[in-house]
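Open the model in your viewer and keep the selection panel at hand. The tour goes stop by stop.

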Amino acid sequence: MYRYEEEDRGYFEVDENFDFNTGINKLLDQEVEKRLAAKLSNYETVMQQQTELEEKLRKQNQTVFELQKELKDAEKMFVKQGTDQTKRELLGGFMLGDKVWFVKKNYTRTPCKTCAGDGNVEVTSAVVGGTFRVNCPTCRGYGTESHCDYIVAHGKLTEIHFKTWANGKCFEGKFYIEPTSYHSNDSVQTNHSQLFHSEEECQQAINDILNSPTE
């Protein structure tokens, strides 16, 4: 069934299913838009997930890189510490730059009590008769007596020299210390058995010297 409507120059036919077709087209367009929107949304979700995965991978790679660097640093530190420890063991527990303690001897001279500083004494001989002047037996003619005081001193280990012999017959080390507990232009030379890691150890060594029956 057709109907005619007037237009500028005549008439045209209108399909009686026009409204229905128009509605169907609208529904199709809406469905297309809906599905397209869903695809776009899904695409954006996938892209977001991909971006997040890439960022996660980047962070994991960064973590792996940092862990590898830490491992290399740890290996270097382990080797260095092992090397330093070995050196210390070979050097009696000491290394260059260490602060060390040692026993300093202070010598003083006082007038001899036997000869009053004269260096000679008078003796009387009953065999040959008479009085003679001879060297004082206490100071041996010097007129003074020497006294040694022991004090705790410390300094910085600046040089280590070694002398070795074949077949393990000799292992000798000389340690040079720049004193810091008192003014001195000359370094102190000693061996590792006369060096100490602390003031207390050094003081104990002095006590042992003073209490020794040979002193």
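The stops below run from the whole chain to single side chains.

**Before you start.** This is a predicted model: local features need pLDDT of at least 70 and side-chain atom pairs need 80 or more, while totals for chains, interfaces and linings use all residues. Numbering starts from 1 along each chain as its sequence is written, and side-chain values use heavy atoms, without hydrogens or water.

**Stop 1: the whole chain.** Show it as a cartoon. Two helices and eight strands make up the secondary structure. Helices here are DSSP runs of H or I with at least four residues, strands are runs of E with at least two, and both are numbered from the N terminus. Along the sequence the order is β-β-α-β-β-β-β-β-β-α. Of the 215 residues, 17% count as buried. Buried means under 20% relative accessible area, exposed over 50%, and partly exposed in between, with a 1.4 Å probe and protein chains only. Now switch on the surface. About 17500 Å² is exposed, and carbon and sulfur atoms supply 52% of that. These areas come from the Shrake-Rupley method with a 1.4 Å probe; for residues, only the protein chains shown count as cover.

**Stop 2: helix α1.** Select residues 18-90. Look for Ile-24, Leu-27 and Leu-28, which make a nonpolar surface patch of about 270 Å². Patch residues have over 30% relative accessible area and no salt bridge; like charges are joined within 9 Å, nonpolar side chains (Val, Leu, Ile, Met, Phe, Trp, Tyr) within 5 Å. Leu-27 is exposed, at 52% relative accessible area.

Next, pick Glu-55 and Arg-58. They form a salt bridge, with the closest N and O atoms 2.7 Å apart. The term means a side-chain nitrogen of Lys or Arg within 4 Å of a carboxyl oxygen of Asp or Glu. Because they are three residues apart in helix α1, about one helical turn separates Glu-55 and Arg-58. Move on to Lys-69 and Asp-73, a salt bridge at 3.2 Å. These two are four residues apart in α1, again about one turn. Lys-69 is partly exposed at 46%, and Asp-73 is partly exposed at 36%.

**Stop 3: the largest nonpolar core.** Select Leu-91, Phe-94, Val-100, Phe-102, Ala-153, Leu-157, Ile-160, Phe-175, Ile-177, Val-188 and Leu-195, 11 residues in all. Strands β3 (99-111), β6 (144-164) and β7 (171-179) each supply at least two of them. Which strand gives the most to this core? It is β6, with three residues. A core is a set of buried Ala, Val, Leu, Ile, Met, Phe, Trp, Tyr and Cys residues joined through side-chain atoms within 4.5 Å.

**Stop 4: the cysteines.** A second, separate core of five residues includes Cys-112, Cys-115, Cys-136 and Cys-139. How many disulfides are there? The count is zero, where a disulfide is a pair of cysteine sulfur atoms within 2.5 Å. Put a distance label on Cys-139: the nearest cysteine sulfur, that of Cys-115, is 3.6 Å away. Cys-139 is buried, at 4% relative accessibility.

**Stop 5: a charged network.** Show Arg-133 and Asp-118, whose side chains meet in a salt bridge at 2.5 Å, N to O. Arg-133 lies in strand β5 (residues 131-135) and Asp-118 in the loop between β3 and β4 (120-124), so the pair ties together parts 15 residues apart in sequence. Add Glu-122: salt bridges that share partners join Asp-118, Glu-122 and Arg-133 into one network.
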